[in-house]
Amino acid sequence: MKYNKVLTIGEQKYKVYMTWDDKEIEKGLMYMTELDSDGGMLLSYEKPDNYGIWMKNVCMPLDIVWIDEENTIIEKKTLQMNIENPKSTITYIDKNSKYILEVNANSFNGKIGDKVSFSEVGEWK
């Protein structure tokens, strides 16, 4: 995965592949078997809405973090891998988000209400 952004929450940083492309958003992390410990994918939507996550063909458990248009964490959940049930359900929350972050399960330390910032990969430290 080619990282193109750095996402920072407090002292925690992730190298993420940020995408706005509908096909990439739909695929997400399907079929990937591992992520860097500080890596992830950031799904970016044109406008805030009630976006969900479908874990179909995801080969590892993930922390899923919903972020609103003001770059505030509004929800986080740990979801289990689902390679055997193609009819798995989509996980929604009861709020509108603009971004969804996908990282390794149990690696995300941020809390609901925390602010998130984005910077360029070249600024990784």
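In the predicted model, Ile100 is in contact with Met41, Leu42, Leu43, Tyr45, Tyr51, Gly52, Ile53, Ile64, Val65 and Trp66, when residues up to four places away in sequence are left out of the count. Ile100 also belongs to the largest nonpolar core, a set of 18 residues, in which Leu43, Ile53, Leu62, Ile64, Trp66 and Ile100 touch the most other members. To this core at least two residues each are contributed by β3 (39-49), β5 (62-67) and β6 (73-79). Apart from this core there lies another, made up of 14 residues, which include Met18, Val65, Tyr99 and Val116. In soluble globular proteins, nonpolar side chains tend to be buried together.

These cores are set within a protein chain that has one helix and nine strands, and the order of its elements, read from the N terminus on, is β-β-α-β-β-β-β-β-β-β. Among contacts between residues at least 6 apart in sequence, 73% join residues that are at least 24 apart. Of the 125 residues of the protein chain, 46% count as buried.

The overall dimensions were examined next. For a compact globule of 125 residues a radius of gyration near 14 Å would be expected, and the 13 Å computed for the protein chain agrees with that value. Taken along the principal axes, the box filled by the C-alpha atoms is roughly 40 × 30 × 25 Å. The accessible surface of the protein chain amounts to about 7,200 Å², and 47% of this area belongs to carbon and sulfur atoms. With regard to charge, the protein chain carries 16 positive and 21 negative side chains, and the centres of these two sets are 1 Å apart.

A single loop residue was also considered in detail. Ala105 is found in the loop between β8 (97-104) and β9 (117-120). Because its relative accessibility is 21%, Ala105 counts as partly exposed, the range for this class beginning where the buried class, under 20%, ends. With residues up to four places away in sequence again set aside, Ala105 touches Pro61, Leu62, Asp63 and Thr78; of these contacts, Leu62 is one of the residues named above as touching the most other members of the largest nonpolar core. The C-alpha atom of Ala105 is separated by 9.9 Å from that of Met81, a residue 24 positions away along the chain.

Key: Residues numbered from 1 in each chain as written. Predicted model: local features only at pLDDT ≥ 70, side-chain atom pairs only at ≥ 80, totals over all residues. Heavy atoms only, no water. Helix = DSSP H or I, 4+ residues; strand = E, 2+ residues; numbered from the N terminus. Rg over C-alpha atoms; globule rule 2.2 N^0.38 Å. Buried < 20%, exposed > 50% of the residue type's maximum accessible area, 1.4 Å probe, protein only. Contact = heavy atoms within 4.5 Å. Areas by Shrake-Rupley, 256 points an atom, 1.4 Å probe, with all protein chains shown as cover. Lys, Arg positive; Asp, Glu negative; His and termini not counted. Charge placed at Lys NZ, Arg CZ, Asp CG, Glu CD. Core = buried A, V, L, I, M, F, W, Y, C linked by side-chain atoms within 4.5 Å.
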